[in-house]
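The report below describes a model with attention to its sheets, its chain contact and its core. It is meant to be read beside the sequence and the coordinates.

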Amino acid sequence: MSNKEDILKRYRANVREKFFDERSGKTGYDMPDLSDIKAITYSDKLVQFIKMTESVGGHVIEVKEGQDINKLVKEMYPDAKEIASNLPEVTIATRNPDTVGRARDLNGTDVGIIRGMFGVAENACVWVPQTMKEKAVCFISENLVILLPKSQIVNNMHEAYKRIEFDKEYDGYGTFISGPSKTADIAQVLVMGAQAARSATVLLLPE
Amino acid sequence: MSTGHSKAAKEFLKNQTYSKWHDATFWAVRTKRDNMAYGLDEWEQLREKASQIKRHTITHLDEYLDQFAKKAEENGCIVHWAKDAHEFNEIVYGILKNHNVKKLVKSKSMLTEECEMNPYLEAHGIEVVETDLGERIIQLKGQKPSHIVMPAIHLNHDDVGELFEEKLGSEKGNHDPTYLTYVARLSLRNEFLTADAGMTGGNFGIAETGDIVVCTNEGNADMSTSCPKLHIAAIGLEKIIPNYDCLAVFQRMLCRAGTGQPTTTYTSHFRKARPTAHPMHIVLVDNGRSEWIGNPEHWEALKCIRCGSCMNTCPVYRRSGGYSYSYFIPGPIGINLGMLRDTQQHSGNVSACTLCLSCQTVCPVKVNLGDQIYQWRQQLDDFGTANPQKKLMCKGMSTIFGSSGIYNFGTALAHWANIIPSPIINCGLNPWAEGHKMMEFPKKPFHKIIKDLEK
């Protein structure tokens, strides 16, 4: 017998012995109804999302109609030498995560620019499915810039998990990102910039 | 009469400045957790749902495991099943050997601690680099974690500063946490770029989609899997949950309960390897779990999502530290998991509980932690691990409390003990006098007071 069958058989037998109910003929507990969870909602999701992003150490900039994001990023990071992105609207990129030879060639990126699908008001999470060949750009960059349409904010994680989707081409990975990489592992002192991006800025795009 | 835990706790308490800091630090984390919980009207509803989901899932886990494995294989992952720690270590080593891996970077995984994977791999010539900052610190120091979420909490910034001066060549005397974190960042960055494989644990496995979900603040799980060409994910059987609707409940609670944050920075879903890497491997580990589910009093320990909130709130953990427990997971959940693992080795921990039940009041999935500890205590005699001195005392007390004549006689005479000089009564031979002064017995016992009032 394979390990899998062996383990599952033992597990099943022990569950049956302890949880089989002769009267109902059922084994174990039922799945609860989750549709009645009274989850938090916000009168202004965008305001809450901005507030939460700032509280987790991130930044938010509302991009005005017609404003050029390339110019904006340049103003935000005047000293940035290496900018990585595969987004067509980003013209200032010096590196492309789709065409680098190896993921590690993205090391030394000053600013990485990626796209988020939607934000979550309760905790500032932004859903970022992998949409590039090397996802390293999302973590290896010193500073991360996430472009997010400002109409795309949901209240909470229940709503978020109803709508997450992976990319069609790069369908193996997706992540929620809420603020910059951080740690408090040295004496419980909060420090921004542990192993991944040291700063995270969400650019809220007009429709 | 002292248990292993209380002896170790005595050592911990010798450094009063530190032990006070430890207590206050965890109480602050508990307070942050409270603020998060009170910030959501639905918090108690979420706890109840989380508990029900877990009860359902672990009593149907064979079905969900099968569904998860099939889905993961459909996604292109290679799924392995390990019945115990040794088999797990062999499987991991086998994968690494096949890919000619010299260096492995890994994110935090209590499962690999449970299986003592690092020493096994190192003995087989593989360099293992922990990438969670806390884990990296204790790895460099040659120590074990003292908390499951904050593994290096037993060290202060001077300890870490001196360690980094020696191991990472940091500036002498600069013990600023921001600077030290930056030094570790540079050093670990180099490890990420030069490793041949990355390993992650998993907070959740999703049966419906085959996703492995990993929650970190540092982004080290994502860094560990972004550059190396091979990703191995290792999870215990009980980490599998049915679907995204269930995940939403747990994702909302894990970090709020554990560290008092609204979420971890990263909640990452790994479904298959990135396009430029080898297929992803998933190792599902039993190591006792398929037996524990049948344990009549303790099966609910399998509901645990390893948030750490029970240890943060525990008055005994806060005042005795992680190293006072004999099992590698400390605090209320560690007491229970340790006993499930080996009653002979870990019975000393069950005394590390005041039965205040704060743990099960904060537990986001409502594991009945304190009730279980109480149950273990009732079984110590069966395990042959009951303390003989305490047993004798209990027998004596049964005799005294079982007979009103002996009881009244004793309490009437007890006040004569007051005239025994303090150096004699408070000496080492009287176990009661250890840590507290002997009490003064009243001349008039309580029963007599009541009787006189009734006259």
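Two strands are taken to pair if DSSP finds at least two bridges between them. The model described here is predicted, and that should be kept in mind throughout.

In chain B, strand E4 (residues 197–200) and strand E7 (residues 231–236) satisfy this condition, pairing in the parallel sense over 3 bridges. Within this pair, Met199(B) has Ile232(B) of E7(B) as its bridge partner. Both strands belong to an open sheet of 6 strands in chain B, whose order is E1-E10-E7-E4-E2-E3 and whose pairing is parallel. Strand E1 (78–82) and strand E3 (127–130) of chain B stand at the edges, and because each has a single partner strand, one side of each is left without a neighbour in the sheet. From one strand to the next, the twist averages 20 degrees.

Chain B as a whole contains 23 helices and 10 strands, and its C-alpha trace spans about 90 × 55 × 45 Å along the principal axes. Of the 455 residues in chain B, 50% are buried. Among contacts in chain B with a separation of 6 or more, residues 24 or more positions apart account for 73%.

Chain A, for its part, is divided into domain 1 (1–30) and domain 2 (34–205), and the C-alpha centres of these two domains of chain A lie 44 Å apart.

The contact between the chains takes 64 residues from chain A and 74 residues from chain B. On the side of chain A that touches chain B, at least two residues each are supplied by helix H1 (3–19), helix H4 (137–140), helix H5 (157–163), strand E10 (173–177) and strand E11 (182–183) of chain A. H1(A) provides the largest share of that side, with 13 residues. By class, the side of chain A that touches chain B has 31 nonpolar, 17 polar and 16 charged residues. Strand pairing also links the two chains, since E10(A) and strand E9 (residues 266–270) of chain B pair in the antiparallel sense over 5 bridges, and in E9(B) the bridge partner of Gly174(A) is His269(B).

The largest nonpolar core has 165 residues, of which Ile146(A), Leu247(B), Phe250(B) and Val285(B) touch the most other members. Helix H12 (residues 244–258) of chain B contributes the largest share of this core, 10 residues. Leaving aside residues up to four places away in sequence, Ile146(A) touches Ile114(A), Gly116(A), Val126(A), Val128(A), Ile177(A), Ala200(A), Val202(A) and Leu203(A).

Most residues other than glycine have a negative phi. Two residues of chain B with a positive phi are set out below.

| Residue | Phi | Other C-beta atoms within 10 Å |
|---|---|---|
| Asn287(B) | near 45 degrees | 20 atoms |
| Lys366(B) | near 55 degrees | 19 atoms |

Asn287(B) is found in the loop between strand E10 (281–285) and helix H13 (289–292) of chain B, while Lys366(B) is found in the loop between helix H18 (358–362) and helix H19 (369–383) of chain B. A residue is buried if 20 or more other C-beta atoms lie within 10 Å of its own. Asn287(B) has 20 such atoms and is therefore buried, whereas Lys366(B), with 19, is partly exposed.

Technical notes:
Residues are numbered from 1 along each chain as its sequence is written. Chains are lettered from A and ligands numbered from 1 in the order in which they are written. This is a predicted model: local features need pLDDT of at least 70, side-chain atom pairs count only at pLDDT 80 or more; totals for chains, interfaces and linings use all residues. Helices (H or I, at least four residues) and strands (E, at least two) are DSSP runs, numbered from the N terminus. Axes are lines fitted to C-alpha atoms, for helices over the stretch in contact, and angles run from 0 to 180 degrees between N-to-C directions. Two residues are in contact if their C-beta atoms, placed from the backbone, lie within 7 Å. Ala, Val, Leu, Ile, Met, Phe, Trp, Tyr, Cys and Pro count as nonpolar, Asp, Glu, Lys and Arg as charged, and the others, Gly among them, as polar. A residue is buried if 20 or more other C-beta atoms lie within 10 Å of its own, exposed if 12 or fewer, and partly exposed in between; C-beta atoms are placed from the backbone. Domain bounds come from an automatic or database domain assignment. A nonpolar core is a set of buried Ala, Val, Leu, Ile, Met, Phe, Trp, Tyr and Cys residues joined through C-beta atoms within 7 Å.
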